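Here's a quick briefing to read with the model open beside you. Take the topics one at a time and find each residue as you go.

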Amino acid sequence: MAAGAITGSVALLAFGLDSVIDGSASGVLVWRFRLEVRGAGRADHAEVVAAGAVAVAMLTAAAYVVAQAARSLITGARPGQSAAGLVLLAGSVVVLPVLGYIKLRLAGRLRSRALRGDGVLSVAGAALAVVALAGVAVERALGWWQADPVAASLIALFLAGEGWRTLRDPG
């Protein structure tokens, strides 16, 4: 998030926010699965609470990203670049898809909406990393600074849709 704030890259900022929310959602899931281990009668309630928390996190991230993208487009703010940010994004492009796949696969086995939402957050983080890197490439090659906030907004719309799906889907 710091690299995104410093450079003004909405996609990098969105990636950082998604990472923080993904980590928080993982913490909620640890709580949820600990409750299940302690007593099966509490598992259903914990799943509902955890799914709600993950969904709210996705919706919050989506709203924030859209607001930042709109601000960037309105003000004409061009994203900068950060070597640390680029390295973090490149590493995330490699790690997050695998992590997201594992979470989604496990969510299907466990029939956990909350874990599915967390997996979606990991996949969205990978997509945001790709978008941020693509935004840097498009900015350098073509000078299209608008690519960064527009692409980040598309990812935010995906997050919002998945957030609503996680809230509404009974499992």
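What follows is a short tour of salt bridges, a surface patch and the way some helices sit together.

Keep in mind that this is a predicted model. It holds three salt bridges, and R116, E162 and R165 are linked in a network of them. There's also a nonpolar surface patch of about 360 Å², plus a pair of helices, helix 3 and helix 6, whose axes come within 8 Å.

**The salt bridge between D118 and K103**

- As background, side chains of opposite charge can pair when their charged atoms come close.
- D118 does this with K103, forming a salt bridge in which the closest N and O atoms are 3.0 Å apart.
- D118 lies in helix 5 (residues 113–142) and K103 in helix 4 (residues 83–110), so this pair ties together parts that are 15 residues apart in sequence.
- Are these two partners buried or exposed? D118 is buried, because its relative accessible area is just 2% and the cut-off for buried is under 20%.
- K103 is buried as well, with a relative accessible area of 11%.

**The network around E162**

- Which residues make up the salt-bridge network? They are R116, E162 and R165.
- One link joins the side chains of E162 and R116, with a distance of 2.8 Å from N to O.
- Since E162 lies in helix 6 and R116 in helix 5, this pair ties together parts that are 46 residues apart in sequence.
- Another link joins E162 to R165, and here the N to O distance is 3.9 Å.
- E162 and R165 are both in helix 6, three residues apart, so about one helical turn separates them.
- E162 counts as buried, at 11% relative accessibility.
- R116 counts as partly exposed at 23%, and R165 also counts as partly exposed, at 40%.

**The nonpolar patch**

- Which residues make the nonpolar surface patch? Look for L73, V150, L154 and L157.
- Helix 6, which covers residues 147–168, gives the largest share of the patch, with three residues.
- L73 sits in helix 3 (residues 43–75).
- L73 is partly exposed, with a relative accessible area of 35%. Patch residues need over 30%, so L73 passes that cut-off.

**How helix 3 and helix 6 cross**

- The two helices that supply the patch residues L73 and its three helix 6 partners also cross each other.
- At what angle do the axes of helix 3 and helix 6 cross? The answer is roughly 160 degrees.
- That makes helix 3 roughly antiparallel to helix 6, because angles over 145 degrees count that way.
- The crossing of helix 3 and helix 6 is left-handed.

**V138 and P149**

- V138 belongs to helix 5, the helix that also holds D118 and R116.
- V138 is partly exposed, with a relative accessible area of 24%.
- How far apart are V138 and P149 in space? From C-alpha to C-alpha the distance is 12 Å, and the two are eleven residues apart in sequence.

Note on methods: Residues are numbered from 1 along each chain as its sequence is written. This is a predicted model: local features need pLDDT of at least 70, side-chain atom pairs count only at pLDDT 80 or more; totals for chains, interfaces and linings use all residues. Side-chain values use heavy atoms; hydrogens and water are left out. Patches are made of residues with over 30% relative accessible area and no salt bridge: like charges are joined within 9 Å, nonpolar side chains (Val, Leu, Ile, Met, Phe, Trp, Tyr) within 5 Å. Accessible areas come from the Shrake-Rupley method with a 1.4 Å probe; for residues, only the protein chains shown count as cover. A salt bridge is a side-chain nitrogen of Lys or Arg within 4 Å of a carboxyl oxygen of Asp or Glu. Helices (H or I, at least four residues) and strands (E, at least two) are DSSP runs, numbered from the N terminus. Buried means under 20% relative accessible area, exposed over 50%, partly exposed in between (1.4 Å probe, protein chains only). Axes are lines fitted to C-alpha atoms, for helices over the stretch in contact, and angles run from 0 to 180 degrees between N-to-C directions. Angles under 35 degrees count as roughly parallel, over 145 as roughly antiparallel, 65 to 115 as roughly perpendicular and the rest as oblique. A crossing is left-handed if the near helix is turned anticlockwise from the far one by less than a right angle, and right-handed if clockwise.
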